[in-house]
Amino acid sequence: MTSLRSLLFAFLALFAAATALTGYATYSASHAAITGLVDARIDLVADAITDGVRPGDAAAILARIDRFAHRRDTGDIGFELEDVRGRRLGGNVALARAIAPGYSSVSGSDGIAGLTAGRAERRDVGGGLRLITIAETEPVDGYAFIRARNYMIGFGAIMLIVLTGTATFALIVRRRIGEVRATAAAIVNGDLQHRVPVPARGGAFAAQAEAFNHMLDRVAALMDGLRQVSSEVAHDLRTPLARLRGRLALAADAPTAAAMRHEIEQATEQCDMLLATFSAILRIAEVEGGDRRARFAPVDLASLMGEVIETLRDAAAETGHRLTGAATHPVQIIGDRGLLAQALVNLVENALTHTPAGSVVTVAVAQDRGRASVCVADNGLGIAPADHARALRRFGRLDPSRHRPGHGLGLPLVQAIAHLHGGALTLGDAGPGLAATISLTVAPRGVEGPATADLRS
Amino acid sequence: MKLLLVEDDAEFATTLSQSLEALDHQVTVAADGLAAIDANDRERFDAVILDRMLPHMEGTTLVERLRERGQTLPVLMLSALGHSIDKVDGLKAGADDYIVKPTPVGEIDARLTALVRARGWKGEGANTLRAGRILVNPGKHRAWYGDDALDLSNLEFKLLSELARNAGSFVTRTMLLERVWGYDFEPATNIIEVQVRSLRRKLTANGAPDPIVTKRGVGYMLEQ
């Protein structure tokens, strides 16, 4: 798979290679052009020195050299006349080394006064004489270095601009992608109001952000509609049910109802069950709506657990259960205390309902670095791992006959509460029995709310 | 009590006012906020029962108007919306209590009694609560029944305080859940019965008579 990053690096490497090659080619081309021009010049001057001179007339050539050396247009040219063995006969320069026949390069190391780089031509002028003509290729000292440096600066600047541009571009793209990702994460965590920030100047990113937000608006509207319908249904059914329950209560109190009392009480119980179901539906809708987030405050899970255990311990004892749990040190999270209490009460009640008398239900609050967890475990029959997902589904009760008490919304409500807090509810094996764990994020350090202060006072 | 019921649903208003009249209250019905303000200007009421959703003027707005006019009478807000965020809005606007429809009339009656009673506390030393032979000092977390100091758990103490605060009138299950436990949900377990039973056991341990009166379907009361 080609990643954006490797693509970017390949592009930058190719660009750098092309730039360096272009720089080198330009440099060598100009270098070759100058060498050609200088070679042509010294050739012409050498022609002029030997033009019309008898072969072997060294004195005439030396006289010409002397004259040329004093002319304005050839004053910078160096000459040396040698015999056939390379011995210097005269001229305005003294060469430290033998010069090869034809054209060659000379440099500052050849000890020619005032020359850093140049070209030389050696030609036989007849009569056992050789003429060496030398000219500077640099208009100023260190010209080659200056030229190379200028090329480096010029092409280096181009490289730098492209690199900076590419990096900035990559940064902007990364930031925009990050914003979309953060929004998606917030939505997953239950904050359905979160949207991608739209860049003010418009453009492709703004259009993309708007499209994304538009999609989220649509999803939110659909979910709202669904929630509203379920809320309204539950609500509209609740009113007549409450009235029915009231009638039953009145009927039970009537002296003539003595014989029917048991039946009436059972009917009242059924009413209560239905009302509880509707309350659970409405509560889940409320929790999923996310409005309760506005009430978030620091909560100490350990003290919350202590209160729930105190509340339910005697009720558990009445059904032959033992409810235990030891609060250790405070575990601070940010959340809705009422909802967290409801979640914990639900989990404990769930354990009490679904385990036989004599069972032990244990509540534990733990903290592992950034994660807090509340675990309610029992030593009953447990739930087969294959059925865990169904147990968390709404109305997903595992008892096929549906004879057991409960409306099948207890665990889904706990799950909704966990989601509201950016956490999760997981079911596991307590070996034997069921372990239901709510995992949450611990409050950042330094958050010490009224919840703990209250507990300690 | 003289009550002002502000409710636009005529059927619901009739049913509720009849039920309240059966409990010896006088009820005046106003169909919207303006009618309510008019009625309140003409007559003096002991408390207002107010629907959250009203035509022309929302219930919360009406409470704000009443409070702006210096009206301090207790306001109990009723709402069809079971969401707690509405409750917060209602209380912020100046309502004293908030309940969600459908509510049994006994619940409304108990809450109104508690609200009117709470108004009467003003100025009195609220350090100790007295109910018959029971004395509760919430500040010091101590309670006595006659001459006997009671050794109560945290929950039992809160429960006794709440009952003592409303001595002479019934406190409903929902009120107890809200005020003793801070719960806005009804647990499936009979936690209130269990807690009342254990409180009763401690109160009557020395052979003293049981001061807690139970009314089925309504709640509990400490005798005054």
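## Strands, helices and cores of a two-chain predicted model

Ser79(B) stands opposite Val100(B), a residue of strand β5 in chain B. Before going further, please keep in mind that this is a predicted model, in which local features need pLDDT of at least 70, side-chain atom pairs count only at pLDDT 80 or more, and totals for chains, interfaces and linings use all residues. Residues are numbered from 1 along each chain as its sequence is written, while chains are lettered from A and ligands numbered from 1 in the order in which they are written.

**The parallel pair in chain B**

Strand β4(B), residues 75-79, and β5(B) run parallel and are joined by 4 bridges. Strands here are DSSP runs of E with at least two residues, helices are runs of H or I with at least four residues, and both are numbered from the N terminus. Two strands count as paired if DSSP finds at least two bridges between them. In β5(B), residues 97-100, Asp97(B) and Ile99(B) point one way and Tyr98(B) and Val100(B) the other, yet all are buried. Buried means that 20 or more other C-beta atoms lie within 10 Å of the residue's own; 12 or fewer makes a residue exposed, anything in between partly exposed, and the C-beta atoms are placed from the backbone.

**The antiparallel strands**

Strand β7(B), residues 134-137, has one buried face, to which Ile134(B) and Val136(B) point, whereas Leu135(B) and Asn137(B) point to the other face and are not buried. In a regular strand the side chains alternate between the two faces of the sheet. Val136(B) has partners in two strands: Leu129(B) stands opposite Val136(B), and in β8(B) the bridge partner is Ala143(B). The two antiparallel pairings that involve β7(B) look like this:

| Strands | Bridges | Residues between the strands | Positive phi |
|---|---|---|---|
| β6(B) (129-131) and β7(B) | 3 bridges | 2 residues | Gly132(B), about 60° |
| β7(B) and β8(B) (142-145) | 4 bridges | 4 residues | His141(B), near 60° |

**Backbone exceptions**

Most residues other than glycine have a negative phi, and most peptide bonds are trans. His141(B) has a positive phi although the residue is not glycine; with 12 C-beta neighbours inside 10 Å, His141(B) counts as exposed. His56(B) also has a positive phi, near 70°, and is found in the loop between β3 (47-51) and α3 of chain B. Because His56(B) has 12 C-beta neighbours inside 10 Å, this histidine counts as exposed. In chain A, a cis peptide bond with omega of about -5° joins Gly431(A) and Pro432(A). Pro432(A) sits in the loop between β11 (424-429) and β12 (434-441) of chain A.

**A helix with a buried side**

Helix α2(B), residues 33-42, has Gly33(B), Ala36(B) and Asn40(B) as its buried residues. Seen down the axis of α2(B), these fall within an arc of 55°, so they line one face of the helix; the arc is that of the directions from the helix axis to the C-beta atoms. Asp38(B), Asp41(B) and Arg42(B) are exposed on the other side of α2(B). The cover over the buried residues includes β1 (2-6), β2 (26-30) and α3 (59-68) of chain B.

**Two nonpolar cores**

A nonpolar core is a set of buried Ala, Val, Leu, Ile, Met, Phe, Trp, Tyr and Cys residues joined through C-beta atoms within 7 Å. The largest one has 78 residues, and those with the most contacts inside it include Leu301(A), Met305(A) and Val414(A). Helix α7(A), residues 337-353, gives the most to this core, with 10 residues. A second, separate core of 29 residues includes Leu4(B), Val6(B), Ala30(B) and Leu76(B). Leaving aside residues up to four places away in sequence, Leu301(A) touches Val331(A), Ile333(A), Val365(A), Ala372(A) and Val374(A).

**Chain A and its meeting with chain B**

Chain A has 10 helices and 12 strands, and buried residues make up 27% of its 457 residues. Between the chains, 26 residues of chain A are in contact with 25 residues of chain B, a contact being two C-beta atoms, placed from the backbone, within 7 Å. On the side of chain A that touches chain B, α4 (203-253), α5 (261-289), α6 (301-318) and α7 each supply at least two residues. The largest share there, 7 residues, comes from α4(A).

**Confidence**

The predictor gives the complex an ipTM of 0.74 and a pTM of 0.64. Chain B averages a pLDDT (the predictor's confidence in each residue, from 0 to 100) of 85, and 95% of the residues score at least 70.
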